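Thanks, everyone. Let me put the model up, and we will walk through it together.

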Amino acid sequence: MPRIYAKIAALGLVLPEPPVLPPGVDLPFPWVNVRGDKAFVSGHGPQEPDGSLSGPFGQVGKDVSVETAKLSARKTALAILASLQRELGSLERISGWCSVFGMVNSAPGFDRQPEVINGFSEVILDVFGPEVGKHARSAVGLAALPFGIPVEIEAELLLAG
Amino acid sequence: MPRIYAKIAALGLVLPEPPVLPPGVDLPFPWVNVRGDKAFVSGHGPQEPDGSLSGPFGQVGKDVSVETAKLSARKTALAILASLQRELGSLERISGWCSVFGMVNSAPGFDRQPEVINGFSEVILDVFGPEVGKHARSAVGLAALPFGIPVEIEAELLLAG
Amino acid sequence: MPRIYAKIAALGLVLPEPPVLPPGVDLPFPWVNVRGDKAFVSGHGPQEPDGSLSGPFGQVGKDVSVETAKLSARKTALAILASLQRELGSLERISGWCSVFGMVNSAPGFDRQPEVINGFSEVILDVFGPEVGKHARSAVGLAALPFGIPVEIEAELLLAG
């Protein structure tokens, strides 16, 4: 088994099914867009293993606790790994994470976005290790996110030649 | 007539004049910045054909309806195409859209950002087609945008060698 | 003395020490991530010369004035130059700024984000000049930023071959 998949298995991580959106929603773009040697990852939210959006929903610091939102960020990492797996065929094609933009649906005055997005970064570093998994990052507070998801994350990755 | 321009003409789209900013505003950066084989597009808002900012202004979900904001996103697409045309000389130089970051000036609780930004994506796909026009995307809720514009969009594109 | 450093000295700019974070904060990512010929800069806030976060804190348009926030954006530019210097070894390796994403912690109704982020752009243009320093930019209003910083900025740069 290739290294990355052995790691995912050893960590007991489960990659979810393709995103299942609420009825009537049309998203006319791919979850991952490969251009040249880069993979551009669309904004993902937390998913259940069956692909449906994973709650709780609402603003972190009011409706959702930091600990729960960190778990949402972790689920978002798994959703992104699943999308990359489907688009790339193999996660082994990733030669390096470039940047991660972590958006937290934030109640007024909430300022602990980095703790929340650490739930994402920890999965990436666990799976890819410190060299390939290393990423530039921002973790900031959004006024609102689609469908009331507590966390949305987009990313850019470098692919092997 | 090159394919892209034939498409723009057939769709009846009008690319606006260069952005005309409110008096006293200094924006010390280009609307499009080409580096290597990439074009980086600065955040644009909706424009009138004469280049002036196009209203209505304010927060979507309170001051501006979803339908109207979707039209603002459509106007933003035309503004970006006009900037790309001016900087690149020809839209034919674009070999692929990489990523789009769609920002919606959102009232508290507004969570239909994807519907709004679809107004942008639909123009890009209509003009460039599904392969060149394909883009990764996020559509999220900002607390505030410059000059009270309802939508602001930035993007990254790949240019032909 | 190389050109860039002569410029920094002539302008009297002081690059701060590495970021010193509040106790208990874990940020599992680098401030600058080099991948291929690109440098991806993580979101930075304003720093004091000793590396500590620089106040005032809070929302621009309520707790912090435009003029003060512009100074925060200027300090953020110096913090990013310091991080680039540490990661790259020399700022002379930068062949061009690609894009800058300027985030302003914005009170409801505040819409003068471009004036604030001009404090950043002016430093970059002063130090690197109009060709290398040229950057695409967005300047937008976030609902909240980590630790209550008034400004956070991330960027992408092209490095010389």
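Start with strand 2 of chain B and strand 5, residues 151-159, of chain B. They pair in the antiparallel sense, over five bridges. For one matched position, look at Lys38(B), which stands opposite Leu158(B) in strand 5. Keep in mind that this is a predicted model.

Strand 2 of chain B has another partner. Strand 1, residues 32-35, of chain B pairs with strand 2 of chain B over four bridges, again in the antiparallel sense. Here Asn33(B) stands opposite Phe40(B) in strand 2 of chain B. The two strands make a hairpin with two residues between them, and Gly36(B) takes a positive phi near 60° there. Is strand 2 of chain B covered or open? It is mostly covered. Strand 2 covers residues 38-44 of chain B, and seven of its seven residues are buried.

Now helix 3 of chain B, residues 113-132. What span would a straight helix of 20 residues have? The figure is 28 Å, at 1.5 Å a residue. Helix 3 of chain B spans only 24 Å between its end C-alpha atoms. Look along the helix for a bend. Helix 3 of chain B bends by about 80° at Asp126(B). A proline, Pro130(B), follows within four residues. This helix is mostly covered too, with 14 of its 20 residues buried.

Over to chain C, for the whole sheet. Five strands form an open sheet, in the order 1-2-5-3-4, with mixed pairing. Why do strand 1 and strand 4 of chain C each have one side without a neighbour in the sheet? Strand 1 (32-35) and strand 4 (136-142) stand at the edges, and each has a single partner strand, so one side of each is left free of a neighbour. From one strand to the next, the twist averages 15°.

Take the parallel pair next. Strand 3, residues 94-105, of chain C and strand 4 of chain C pair in the parallel sense over seven bridges. Ser99(C) stands opposite Ala136(C) in strand 4 of chain C. Helix 3 of chain C, residues 113-132, packs on the sheet. It touches strand 3, strand 4 and strand 5 (151-159) of chain C. Its direction makes about 170° with that of strand 3 of chain C.

At the other edge, strand 1 of chain C runs antiparallel to strand 2, residues 38-44, of chain C, and four bridges join them. Val34(C) has Ala39(C) as its bridge partner in strand 2 of chain C. These strands form a hairpin with two residues between them, and Gly36(C) in the turn has a positive phi of about 60°.

Last topic: contacts between chains. Chain C puts 24 residues in contact with 25 residues of chain B. On the chain C side, strand 3, helix 3 and strand 4 of chain C are the elements that give two or more residues. Which element gives the most to that side? Strand 4 of chain C does, with seven residues. By class, the side of chain C that touches chain B has ten nonpolar, ten polar and four charged residues.

Now the contact of chain A with chain C. It takes 24 residues from chain A and 25 residues from chain C. Strand 3 (94-105), helix 3 (113-132) and strand 4 (136-142) of chain A each supply at least two residues of the chain A side. Strand 4 of chain A gives the most, with seven residues. That side of chain A divides into ten nonpolar, ten polar and four charged residues.

Definitions and conventions: Residues are numbered from 1 along each chain as its sequence is written. Chains are lettered from A and ligands numbered from 1 in the order in which they are written. This is a predicted model: local features need pLDDT of at least 70, side-chain atom pairs count only at pLDDT 80 or more; totals for chains, interfaces and linings use all residues. The expected span of a helix is 1.5 Å times one less than its number of residues. The bend at a residue is the angle between axes fitted to the seven residues ending there and the seven starting there. A residue is buried if 20 or more other C-beta atoms lie within 10 Å of its own, exposed if 12 or fewer, and partly exposed in between; C-beta atoms are placed from the backbone. Two residues are in contact if their C-beta atoms, placed from the backbone, lie within 7 Å. Ala, Val, Leu, Ile, Met, Phe, Trp, Tyr, Cys and Pro count as nonpolar, Asp, Glu, Lys and Arg as charged, and the others, Gly among them, as polar. Two strands pair if DSSP finds at least two bridges between them. Axes are lines fitted to C-alpha atoms, for helices over the stretch in contact, and angles run from 0 to 180 degrees between N-to-C directions.
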